Every structure is written in structure tokens, then in C-alpha cells.
Amino acid sequence: MKFFITGGSGLLGQRIATVADNNDEVILAHNSNCMDNSVKCDITDKSQVADVIGGSDCDVIIHAAAMTNVDLCEDEVDMAYDINANATGYIAQTAEDIGAKVIYVSTDFVFDGEVGNYTEDDSVNPLGIYAKSKYEGEVMLQKYSSNWAIARVSVLYGWHERNNFTTWLIDELRNHNSVNIVTDQINSPTYADNAAEAMFAIAKSDVNGIFHTAGNDLISRYDFALKVASEFDLDESLINPITSDKFIQKAPRPRDSSLNVSKIEDVLDFKMETCSESLRRMADCENL
Ligand SMILES: NC(=O)c1ccc[n+]([C@@H]2O[C@H](COP(=O)([O-])OP(=O)(O)OC[C@H]3O[C@@H](n4cnc5c(N)ncnc54)[C@H](OP(=O)(O)O)[C@@H]3O)[C@@H](O)[C@H]2O)c1
């Protein structure tokens, strides 16, 4: 099969390229950070989307590009909606023109976090601009595409040239720096490799609909940090528990946006890993 990956220079896009089957063809697209063999496609430019993605003759688009800086989205509202929502509409329309399936990567932040352990059937209530614009992307996808899936992930991590929470934490602890980590934000940290594998499973099946492709835990950021320290053999005493009220962030964060992953396990017999399983894989990968 032929895959077109938006956000090919990002964490998830890069891991999608790494875990792809050798028999598949993968076209990676970037915007400002050109990678080896990636093609330029600014997804906010409707004609570029039509030319580059429309001309690619792909079977499946995995749409992982987004404005992911949650706090910056509060300041740059129009840009957040252009990238996260309107561009998803352009991609869905182009996919429909060429008969491709679209998998849109969305977020646990579509939920308000009052309950936790959310299933795909639960009602959304996005809190900030990032969350609202990503949810609007979900709406655009369903408006324009007849062959779609939404893959929601949560706190992505994995090896990538730009730091994510996990790689940042590993760096800090290796440098013997102490860190303050919140105890009152709960989610389902998602190993990008495992999420990428789940997306290929969705792509290769004939299923449509929403899937939670997240880590198989409901865990606070602090407890997750302790697991990272333990798996990478680092000093847990450098991790200080704090509460969110001591850690001012511009955008609102859901208190517990953890995702229930039973559906993908039942429907596709695909296993979402716990963070202990994924962190072990990540550590093994570093030691190769
Ligand atoms: N990171 C998380 O914790 C998290 C949590 C929940 C959901 N998600 C979702 O998961 C997906 C992947 O996230 P990630 O962390 O892998 O992203 P990332 O590393 O922050 O990378 C973002 C990607 O989007 C691309 N992009 C931004 N603006 C673009 C534009 N105008 N045109 C084309 N491409 C553009 C970037 O391209 P350039 O770098 O080339 O400009 C980059 O490849 C996103 O949809 C995000 O909303 C992420």
C-alpha cells in the first residue's frame, strides 16, 4: 500500500516511517523542517494539498501534522484553527477526490477531564484553543470524507531529535537535575511506535470510526515520571511531586483525560502497550 504522512518531520511521523512494513511505500511530508526524502506540503495551502497529496496516488493518508504547542495556540488562535481544523478539511476533500482513506491523529484533550477512562462513545468537551481546534478537525474530517478514522493519542513519547516529555526527563535526570512534576494531571502516555503500529492496523483493515490508540494506563504525570526513572535506571529522588496550581500554564489542561483502549483491542485484536512495556522497548531501542 502507498501511504502519505503529513507531519512527517514530527515525532509521530518519524516513528510511522520507522515502523512501516518494508512492502509499503511511505511518502513523508514536512512544512518547515525538511527531512531526508520528505516532500514539502504546507497543509494550510489548499492548492498545495490538492497538488502534492492529490498527485501522490496514495491509498491512505495518515494526517499527523498539527500545531501541537498547546499554550501557543491560546495566543495564535487563527493559526491554530487554520492548521488543526481547516487544513484537515482540505486533506479530507483531497482524499475523497483520489479515493484514499484518511486517518486523522487526534487527542485526549477533546475531553474535559472531569471523568477519565474515556471511551470512543463518550461526549467531548474540549477546553482550550488547541483542544477545540483539534476537535474541529475531527468534525471537518467526517464532513468531507467517506472513508475515515480518528486515532486519538495522549502525551506522545519516543526517540526524536526534538525533545518530548519523556526524552526531556531522561536528559534532566541524567544531568542530575531535579524536576517538579504534577501529580494531579492524569492521562494515557502513548509510545509513538505503538500508536504508529495501531494506525497501520487501522489503515489495513476496512474499519472506519474513532479509535483510542493510546497507552494502556490511566496514570498521573508524576507516576509516569517515576516509571521512566525506573526503566532508565535513573534517580527517582530527583523527581518532586507538585500540584498544577504551583505550575502556571496558559492553556487549560483536563484533570483526567485518560483513554480507554478496549475498542481497538476488541475490534482489531491489536494490543496497546502499558507504559512499562513501552518504556522497556524504548530503552532497548536506545541500547541497540
Ligand atoms: N505530542 C503530544 O503529546 C500529542 C498528544 C495528543 C495528540 N497529539 C497529536 O499527535 C499528532 C502528532 O504529534 P507530534 O507530537 O508527532 O507532532 P510534532 O512533533 O509537534 O510535529 C508537528 C508536525 O506538524 C507539522 N506541521 C505543522 N504545521 C504544518 C503546516 N502548516 N503544514 C504542514 N505540516 C505542518 C510539522 O512540520 P514541520 O516541523 O516540518 O514544520 C511537524 O511535522 C498531532 O496531530 C497532535 O495533535 C500529540
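**Exercise 1.** Determine which polar atoms of the protein meet the ligand, and how much of the ligand is buried.

*Solution.* Begin with Ile 43, where a polar backbone atom lies 3.0 Å from a nitrogen atom of the ligand; a polar contact here is a pair of N or O atoms within 3.5 Å. Because this is a predicted model, local features need pLDDT of at least 70 and side-chain atom pairs count only at pLDDT 80 or more, while totals for chains, interfaces and linings use all residues. Residues are numbered from 1 along each chain as its sequence is written, and side-chain values use heavy atoms, with hydrogens and water left out.

Next, turn to the side chains: an N or O atom of Thr 68 is 2.7 Å from an oxygen atom of the ligand, and a polar side-chain atom of Lys 134 is 2.8 Å from an oxygen atom of the ligand. Finally, consider the area (Shrake-Rupley method, 1.4 Å probe): the ligand taken alone exposes 910 Å², of which the protein buries 86%.

**Exercise 2.** Describe the shell around the ligand by its nearest residues, its classes and its source elements.

*Solution.* The shell holds 27 residues, a residue being near if one of its heavy atoms lies within 4 Å; those that come nearest are Ser 9, Leu 12, Ser 32, Thr 68 and Tyr 130. Sorted by class, there are 13 nonpolar, 11 polar and three charged residues, where Ala, Val, Leu, Ile, Met, Phe, Trp, Tyr, Cys and Pro count as nonpolar, Asp, Glu, Lys and Arg as charged, and the others as polar.

As for elements (DSSP runs, helices of at least four residues and strands of at least two), helix 1, strand 5 (101-107) and helix 5 (129-144) each supply at least two residues, and strand 5 gives the largest share, three residues.

**Exercise 3.** Work out how helix 1 (residues 11-19) packs against helix 7 (residues 192-204).

*Solution.* The axes, lines fitted to C-alpha atoms over the stretch in contact with angles running from 0 to 180 degrees, are 8 Å apart and meet at an angle of about 65°. The contact (heavy atoms within 4.5 Å) includes Leu 11 and Ile 16 of helix 1 together with Met 199 and Phe 200 of helix 7. By class, nine nonpolar, no polar and three charged residues take part in this contact.

Note on methods. Polar contact = N/O pair within 3.5 Å; in protein donor to acceptor, adjacent residues only side chain to side chain.
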